[in-house]
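Biologist: I've got this one open on my screen and would like to walk through it with you. Mind if I fire off some questions?

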Amino acid sequence: MSINWENVKHVLVVRLRSIGDTVLATPSLLALRRHLPEARIDVLLEDWVAPVLDGFGAVDNVIRVSKKSKDRIRLARLLRRTQYDVAFNLHGGTTSTFLVRASGAKHRVGFSNYQYGFLYNHRLSSASDFWEQKKTHSAEQQLALLGFTGVPVKDKPKTHLDVTEDALTSIEKRIKSEIRNPKSKIAMLHPAAAFATKQWAAENFARVAGFLSEKGFQVMAVAAKRERPVLDELERSARTEVLAFDDLTLPEITALASRAAVFVGNDSGIAHIAGAVGTPSVVIFGSSNRDHWRPWTDAPHQIVYEEFACQPCPGYTCAEFGEPRCILSVRVEKVIEATERLLPTSV
């Protein structure tokens, strides 16, 4: 059963999970909007991450889902009433499959290896088959589902986020109140990560902060409230002033990234935010798959890592050495060299 795109009026895109997953869905959303300029395009995200797409012009509605069962049942009824023509599942988990099926969309698109795959009537074997290449990026995997149904994606759009006026105004006020010279070039650091196998030491970031300060940058670091100890360690270790924030909203983090002349951080959703607003970036990799999670951006960027035969791995623990040597072995000098290569493009 093929999709007659001329008759499609309502499209649902389901992309649950994290900040990085959401940012890496933006190429697919941009491709859909380009293909369907007059259609209603809704994206379904987890409630805590939904603000990442505040102001994002390629979608009509950002629908939020919480973890509460009663809210999900209520949402399922809402989706059914909308009468979607096409629903894409860019995630593949049980909850997202349930919501795609509950939407009642005539065309339900997913990969053939999804759980409960029989609930989809358009199933792609794999992104590798679509792109005819062995290794695929997360953004390519999502774009493949669209391309499989006839949406033009061969140019592989890059990530993009819009900066809201409110968030930018808020950040400009913080900059004005926190730093001595509001016109200073800003370097943004993100020293936190989801796992120890992905988190470069805070004292290493402190040495990078010293290098950036010597180059005339005002160094700012961001992390979540629960990650405050990482910021505290960074501030204690730094021999220069580092302004550390654990209270920024996701739109404010996006705005700060857009104001930064350079970003240095771990492989994380924040790194993808920086790339999506065009900030030159250095991203430090440990256990994760570089082919799958590297920055998907046209902005200048460098990835820094030490190669181990056991990479990539799930990252929850280090089964090979008992300690995450992959991230522990990354030398400060290597990160500084990568950062210096970007500075001519960022100043």
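Modeller: Go ahead, and one bit of vocabulary before you start: Ala, Val, Leu, Ile, Met, Phe, Trp, Tyr, Cys and Pro count as nonpolar, Asp, Glu, Lys and Arg as charged, and the others, Gly among them, as polar. Keep in mind too that this is a predicted model.

Biologist: Let's use that on the largest pocket, then. How do the residues of its lining divide into nonpolar, polar and charged?

Modeller: The largest pocket holds about 1400 Å³ of space. Its lining has 50 residues, and R17, S18, G20, D21 and K198 are the ones that lie nearest the centre. Sorted by type, the lining residues come out as 22 nonpolar, 20 polar and 8 charged.

Biologist: Which helix gives the largest share of the lining of that pocket?

Modeller: Several helices supply at least two lining residues each, including helix 1, helix 5 (127-131), helix 10 and helix 11 (269-276). Helix 6 is also in that group. The largest share is 4 residues, and it comes from helix 6.

Biologist: On to the sheets. In the one with the order 3-2-1-4-5-6, which strands are the edge strands?

Modeller: That sheet is open, built from 6 strands with parallel pairing. An edge strand pairs on one side only, and here that applies to strand 3 and strand 6 (122-124).

Biologist: And how much are neighbouring strands of this sheet turned against each other on average?

Modeller: Take strand 1 and strand 2 as an example of neighbours: they run parallel and are joined by 5 bridges. Within that pair, V11 sits opposite I41 of strand 2. Ignoring direction, the average turn between neighbouring strands of the sheet is 20°.

Biologist: Which strand does helix 3 run at about 150° to?

Modeller: Helix 3 (69-82) lies across strand 1, strand 2 and strand 3. The angle of about 150° is the one it makes with strand 3.

Biologist: What about helix 4: what angle does its direction make with that of strand 4?

Modeller: Helix 4 (residues 94-102) has the buried residues S96, T97, L99, V100 and A102. Their cover includes helix 3 and strand 5 (107-111). Right after the helix comes G104, with a positive phi near 70°. Helix 4 packs on the sheet, touching strand 4 among others, and the angle with that strand's direction is about 175°.

Biologist: Helix 2 looks tucked away to me. Why is it largely enclosed by the rest of the structure?

Modeller: Among its buried residues are P27, L29, A31 and L32. The buried residues pack against strand 1 (10-14), helix 1 (19-23), strand 2 (40-46), strand 4 (86-89) and helix 6 (138-148). Helix 2 (residues 26-35) is largely enclosed because the buried residues number 7 of its 10.

Biologist: Now the other sheet, ordered 9-8-7-10-11-12. Which strands stand at its edges?

Modeller: This is an open sheet of 6 strands too, with parallel pairing. An edge strand has a single partner, so one side of it is left without a neighbour in the sheet; that describes strand 9 (242-245) and strand 12 (301-304).

Biologist: Which residue is the bridge partner of S281 in strand 12?

Modeller: Strand 11 (residues 281-284) pairs with strand 12 in the parallel sense over 4 bridges. For S281, the partner across in strand 12 is H301.

Biologist: And in strand 8, which residue does L189 stand opposite?

Modeller: Strand 7 is mostly covered, with 5 of its 6 residues buried. It pairs with strand 8 in the parallel sense over 5 bridges. L189 stands opposite A221.

Biologist: Two single residues to finish. Is T339 buried or exposed?

Modeller: T339 belongs to helix 14 (residues 332-346). Leaving out residues up to four places away in sequence, it touches F211, L212, V262, V264 and V282. The cut-off for buried is under 20% relative accessible area. T339 has 0%, so it is buried.

Biologist: And E214, buried or exposed?

Modeller: E214 lies in helix 8 (residues 202-214). Its C-alpha atom is 9.0 Å from that of T240, 26 residues apart along the chain. Exposed means over 50%. E214 has a relative accessibility of 72%, so it counts as exposed.

Technical notes. Residues are numbered from 1 along each chain as its sequence is written. This is a predicted model: local features need pLDDT of at least 70, side-chain atom pairs count only at pLDDT 80 or more; totals for chains, interfaces and linings use all residues. Side-chain values use heavy atoms; hydrogens and water are left out. Two strands pair if DSSP finds at least two bridges between them. Buried means under 20% relative accessible area, exposed over 50%, partly exposed in between (1.4 Å probe, protein chains only). Contact means heavy atoms within 4.5 Å. On a 1 Å grid over the protein atoms alone, a cavity is a set of points where a 1.4 Å probe fits but cannot get out, and a pocket is an open set with protein on both sides within 12 Å along at least five of seven lines; lining residues have an atom within 4 Å of a point. Grid points are joined across faces, edges and corners, and a volume is the space filled by probe spheres set on the points. Axes are lines fitted to C-alpha atoms, for helices over the stretch in contact, and angles run from 0 to 180 degrees between N-to-C directions.
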